[in-house]
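Subject: the model I promised

Hi,

Here is the structure I said I would pass on. Please have a look at it first, and then read my notes below.

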Amino acid sequence: MGNKLSYCERRCRICAVSFRVKRIPTPEERDAQRWHARDAAPHNAALQALQRNDGAGYDGSLISEEEMKGINTLRCLLQKPADFVPEEGDQDFERDSSCFLTDVAVHQGPYVYDSGPFNTVRHGVREAKITNDNDNFGGEWGMPFHPACFEIFKRVCLKKLGFVDIDGLWRVRDLRGSFEYSMGGNFPPLSVRQYALDDETWHHKPGTEYLAANPVDIPGFQELLKHLSDSENTSKEQSRQIPSQPHTTITSSESDIFSTLPPELLTEILWNLSAKDIANLRLASRSFRTLPPILFKHLIRTEMPYFWEIDELDPRGTDWAELYTLLRRDWSSSLLGLRNRVRIWHEAEEIAEMIRETNSGLTH
Ligand SMILES: [Zn+2]
């Protein structure tokens, strides 16, 4: 204990992003806040604070306050004490584990090792000490993560392991959470140890704003999905083209061996191909010029497991081709939270794989 990690800002053990990421309000927001502060209480501390330079942070014109909602919140895993008693509200995955989950806290106090007070007291815990380190401090030090990242971890765990393995998450931290392990460099990069290679505070590098975007509650995303699943907005002709390469050379029907196959068989072929293979096939054969809309739903489900909203959409009214195009192309520029979700999903997949390996007795 007492190594370098003790002094670092605390970071989410799933996505590796600090809980103390900041945002600099836009000039318009600062003006509005200034007027509001003047009206509320002239010459008060809030106004003085606004007049000071807030220091480092992401440019507010590149990421909104709403998009960053939850970045400074955490909940954590704690080891159950010997006299632990189950209580109402425990989740199924907590019952048979050696850890339990705290409620949510806002982490903005003066000390990086204090979680901040939890919204509700669970199992007698009002506040906890949190660490980036592995378990050298003992069970009373909590393992912190963003509430949204834990939601993603739960989904990935259920998909990969069939259950939410919080003991596995704790064990992986024990195995891979040390500074010495991080500096060893003999293992693939993993979010649970990435932080150790950075400085003590978060760098607000331009272009990395999406790292601070809430990956679950994404402003505008539900409205967009609703628009795409509104049958009135859905194109009558839903068949779409998967983006393909220019200079298409489609064979004539005489030389197209697929032209003799029944539509059911053509669909069957498509079902077993990736989007890239389908695009190539469409270059080679006119038989695949028109694609069934349901194929795009299939592609979304197989290529984008992180898009769990798919099951909430109207299967008949949704323009699946439009949605596929949106998810493939536009998320990186306009939906910062979705871009971050993709990143965190992959991080959680790696963690789940480590858990699976440790459960199988494989060493790391
Ligand atoms: Zn996180």
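What percentage of the 364 residues of the protein count as buried? The figure is 32%, where buried means that 20 or more other C-beta atoms lie within 10 Å of the residue's own, exposed means 12 or fewer, and partly exposed covers what is in between, with C-beta atoms placed from the backbone.

Some housekeeping before the details. This is a predicted model, so I held local features to a pLDDT of at least 70 and counted side-chain atom pairs only at pLDDT 80 or more, while totals for chains, interfaces and linings use all residues. Residues are numbered from 1 along each chain as its sequence is written.

On confidence: pLDDT (the predictor's confidence in each residue, from 0 to 100) averages 80 over the protein, and 77% of the residues score at least 70. Two stretches stay under 50. One is residues 1–5, with eight contacts beyond four places in sequence; another is residues 244–248, with five such contacts. A contact here means two C-beta atoms, placed from the backbone, within 7 Å. Where pLDDT is low, the predicted coordinates should not be read in detail.

Now the overall layout. There are 13 helices and seven strands, taken as DSSP runs numbered from the N terminus (H or I, at least four residues, for helices; E, at least two, for strands). Among contacts between residues at least 6 apart in sequence, 73% join residues at least 24 apart.

Strand 7 is a good place to start. All five of its residues (141–145) are buried, so the strand is largely enclosed by the rest of the structure. Trp141, Met143 and Phe145 cover one side, and Gly142 and Pro144 are on the other. In a regular strand the side chains alternate between the two faces of the sheet. As for partners (two strands pair if DSSP finds at least two bridges between them), strand 7 is antiparallel to strand 3 (residues 73–79), with three bridges, and Arg75 stands opposite Phe145. Strand 6 (residues 129–130) runs parallel to strand 7 and is joined to it by two bridges; there Ile130 is opposite Gly142.

Then the core. A nonpolar core is a set of buried Ala, Val, Leu, Ile, Met, Phe, Trp, Tyr and Cys residues joined through C-beta atoms within 7 Å. The largest one has 66 residues, and those with the most contacts inside it are Ile14, Leu77, Cys149, Phe153, Ala212, Ala348 and Ile351. Several elements give it two or more residues, among them strand 3, strand 7, helix 4 (147–160), helix 11 and helix 12 (320–334). Helix 13 provides the largest share, nine residues. Domain 1 (4–17 + 66–214 + 342–359) and domain 3 (221–336) each supply at least three residues; those bounds come from an automatic or database domain assignment.

Two phenylalanines are worth a click. Phe153, in helix 4, counts as buried because it has 27 C-beta neighbours inside 10 Å. Leaving aside neighbours within four places in sequence, Phe153 is in contact with Ile14, Ala348 and Ile351. Its C-alpha is 7.4 Å from that of Trp345, although the two are 192 residues apart in sequence. Phe296 sits in helix 11 (residues 293–303) and is buried, with 24 other C-beta atoms within 10 Å. Not counting residues up to four places away, Phe296 touches Trp320, Ala321 and Tyr324. The C-alpha atoms of Phe296 and Leu323 are separated by 8.3 Å, with their positions 27 residues apart along the chain.

Helix 13 itself has 24 residues and reaches 34 Å from first C-alpha to last, close to the 34 Å expected (1.5 Å times one less than the number of residues). Just after helix 13, Gly361 has a positive phi of about 90 degrees.

Which brings me to backbone oddities. Most residues other than glycine have a negative phi. Ala16 has a positive one, about 75 degrees; Ala16 lies in the segment before strand 1 (23–24) and is buried, with 24 other C-beta atoms within 10 Å. His123 is another case, with phi near 50 degrees. His123 is in the loop between strand 5 (105–106) and strand 6, and counts as partly exposed, with 17 C-beta neighbours inside 10 Å.

Cheers
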